[in-house]
Amino acid sequence: MTNGFPEGNAVVYCEGAFNTTNGKTAHGLVRYTRRYRVLSVVDSRYAGRDAGDVLDGRPSGIPVVQSIRVAVEAAGTGADRATHLVVGIAPDGGRLSPKARNDVLEAIDLGLHVDAGLHDFLSEDPEFANRAGERNVQVRDVRKPPCRNALHFFSGKIEEVSAFRVAVLGTDSAVGKRTTAWLLRDRLEREGFRAELVGTGQTAWMQGVRFGVILDALVNDFVAGEIEHAVWTAWKEGEAEAIVIEGQGSLMNPAYPGGFEILAAGRPDAVVLQHAPARKEYDGFPGYPLHPLTLQIQAVELLSGRPVAAVAVNSENLDAHGVDAACREILETTGLPACNVLRQGTAALLEGLAPYLGRWRRRHGGK
């Protein structure tokens with residue numbers, strides 16, 4: 001791979017959270033990553049199973065194992081030895097439980113570098129820092145804020161960007177936006193575009209995205225400017241003709257309101273909206289009903305002045321028949337094509353985006 005990837009062989013820690021919304025970082029790494037070669041996932045509840053089969057009903061060749069020690073011993077001591085522990089849990093508040101702390105400390109004792117996307121900065125925790133120094137391993141905190149003097153304010157240079165831009169936003173957090181964004185990027189590339197993904201969270205960084213920013217690590221004043229700069233850089237340095245912007249949270253989520261700055265600063269030509277039809281309340285917040293899809297579409301279009309072109313369906317608590325029925329209902333009620341990208345591919349998304357891509361091509365000389 002390019003860009004010095006893969007960096008090493010990773011054990012993904014997801015004890016007690018795999019195949020739940022709090023395991024979304026691990027899910028992303030099982031499905032796709034350039035940064036690591038994933039050896040195994042740790043979650044004792046699914047030990048002995050294939051991680052891809054647990055998630056998507058399709059084997060990935062990545063086993064789920066009982067513990068970090070089992071993972072390290074199974075990898076052996078040669079070229080395939082484990083080199084990294086990646087913290088694959090994304091708990092509410094981004095903080096490790098006491099058990100998880102002990103498990104990560106064990107990984108350091110076993111000689112693994114640690115990459116974590118938590119709000120607790122392990123490299124600044126004396127226990128982790130001292131143990132890592134003793135074992136000569138590195139602890140990287142992906143969510144650690146950048147230096148203020150390296151950050152960007154919004155400048156308006158987004159208007160220079162001639163690439164087609166599509167934002168993948170969601171009706172909730174932990175709903176599958178990033179996975180859809182990667183698959184849409186790949187589809188646009190197969191359609192002949194020089195395509196890039198602009199990542200906006202720690203998992204996209206762990207997956208090896210070339211251009212991106214970790215939004216919830218930033219002081220609010222810089223969020224719009226960093227989105228603008230990342231999109232502009234993907235166009236200028238990456239020479240992208242099509243840019244997919246990963247969304248965060250959702251416009252109406254009570255705890256993780258997100259998407260406003262992406263719409264305002266990324267200025268997409270169109271939006272794909274990710275939705276879980278069987279989800280009735282905002283993830284992790286009982287008593288907060290999920291706003292209807294039609295209202296969420298209206299909110300996106302009112303705020304951005306840009307169209308929602310298609311709906312990507314999360315299959316949570318739906319079988320194949322339920323997914324098909326949900327896609328039909330969305331088409332009937334909104335007029336928008338809908339699909340589950342993991343089961344059905346991205347053709348429906350391209351169908352919805354086709355008029356806007358056609359308009360972009362006409363503006364740019366029929367490219």
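## Starting at the front

Pro6 sits in the segment before β1. This is a predicted model, and right here it shows a cis peptide bond, the one joining Phe5 and Pro6, with omega at about -5°. For background, most peptide bonds are trans.

## Two nonpolar cores

Let's look inside. The largest nonpolar core has 50 residues, and Phe18, Val41, Leu85 and Leu96 are the ones with the most contacts inside it. Apart from that core lies another one, of 42 residues, with Phe211, Val223, Ile227 and Ile243 among them. As a general rule, nonpolar side chains in soluble globular proteins tend to be buried together.

What does Phe18 touch, leaving aside residues up to four places away in sequence? Its contacts include Ala26, His27, Val30, Val41, Tyr46, Leu55 and Val64. Asp43 and Arg45 are on the list too.

## β1, β2 and β3

Strand β2 covers residues 36-42, and 6 of its 7 residues are buried, so the rest of the structure largely encloses it. To get to β2 from β1, the chain passes through helix α1 (residues 24-31), and this β-α-β crossover is right-handed. β1 (residues 8-13) and β2 run parallel, joined by 6 bridges. One pairing to find on screen is Ala10 with its bridge partner in β2, Val38.

β2 also pairs with strand β3 (residues 64-65), again in the parallel sense, over 2 bridges. Here Val41 has Val64 as its bridge partner in β3. You've met both residues already: each is touched by Phe18.

## Helix α4

Next, a helix. α4 runs over residues 98-109, which makes 12 residues, and it reaches 17 Å from its first C-alpha to its last. That is close to the 16 Å expected at 1.5 Å a residue.

Which residues of α4 are buried? They are Ala100, Asp103, Val104, Leu105, Ala107 and Ile108. In general, an α-helix has 3.6 residues a turn, so residues three or four places apart point the same way. The buried residues of α4 pack against quite a list of elements: β1, α3 (68-75), β4 (84-87), β5 (113-116), α5 (126-135) and β6 (139-141). After α4 comes Gly111, which has a positive phi, near 90°.

## The seven-stranded sheet

Further along the chain, 7 strands form an open sheet with parallel pairing, in the order β9-β8-β10-β7-β11-β12-β13. Why do β9 (211-212) and β13 (338-339) each have one side without a neighbour in the sheet? They stand at the edges and each has a single partner strand, so nothing in the sheet flanks the other side.

Look next at β11 (residues 270-275) and β12 (residues 308-313), which pair in the parallel sense over 5 bridges. In this pair, Gln274 stands opposite Ala312 in β12. Helix α10 (residues 293-304) lies across β7 (164-170), β11 and β12, and it runs at about 150° to β11.

## Two unusual phi values

Most residues other than glycine have a negative phi. Asn19 goes the other way, with a positive phi near 65°. Asn19 lies in the loop between β1 and α1. At 35% relative accessibility, it counts as partly exposed, because that value falls between the 20% and 50% cut-offs.

Ala174 isn't a glycine either, yet it has a positive phi of about 50°. Its place is the loop between β7 and α6 (177-190). Is Ala174 buried or exposed? Its relative accessibility is 17%, so it counts as buried, the limit being under 20%.

Conventions. Residues are numbered from 1 along each chain as its sequence is written. This is a predicted model: local features need pLDDT of at least 70, side-chain atom pairs count only at pLDDT 80 or more; totals for chains, interfaces and linings use all residues. Side-chain values use heavy atoms; hydrogens and water are left out. A nonpolar core is a set of buried Ala, Val, Leu, Ile, Met, Phe, Trp, Tyr and Cys residues joined through side-chain atoms within 4.5 Å. Buried means under 20% relative accessible area, exposed over 50%, partly exposed in between (1.4 Å probe, protein chains only). Contact means heavy atoms within 4.5 Å. Helices (H or I, at least four residues) and strands (E, at least two) are DSSP runs, numbered from the N terminus. Two strands pair if DSSP finds at least two bridges between them. A crossover is right-handed if, with the strands pointing away from the viewer, the path from the first strand over the helix to the second runs clockwise. Axes are lines fitted to C-alpha atoms, for helices over the stretch in contact, and angles run from 0 to 180 degrees between N-to-C directions. The expected span of a helix is 1.5 Å times one less than its number of residues.
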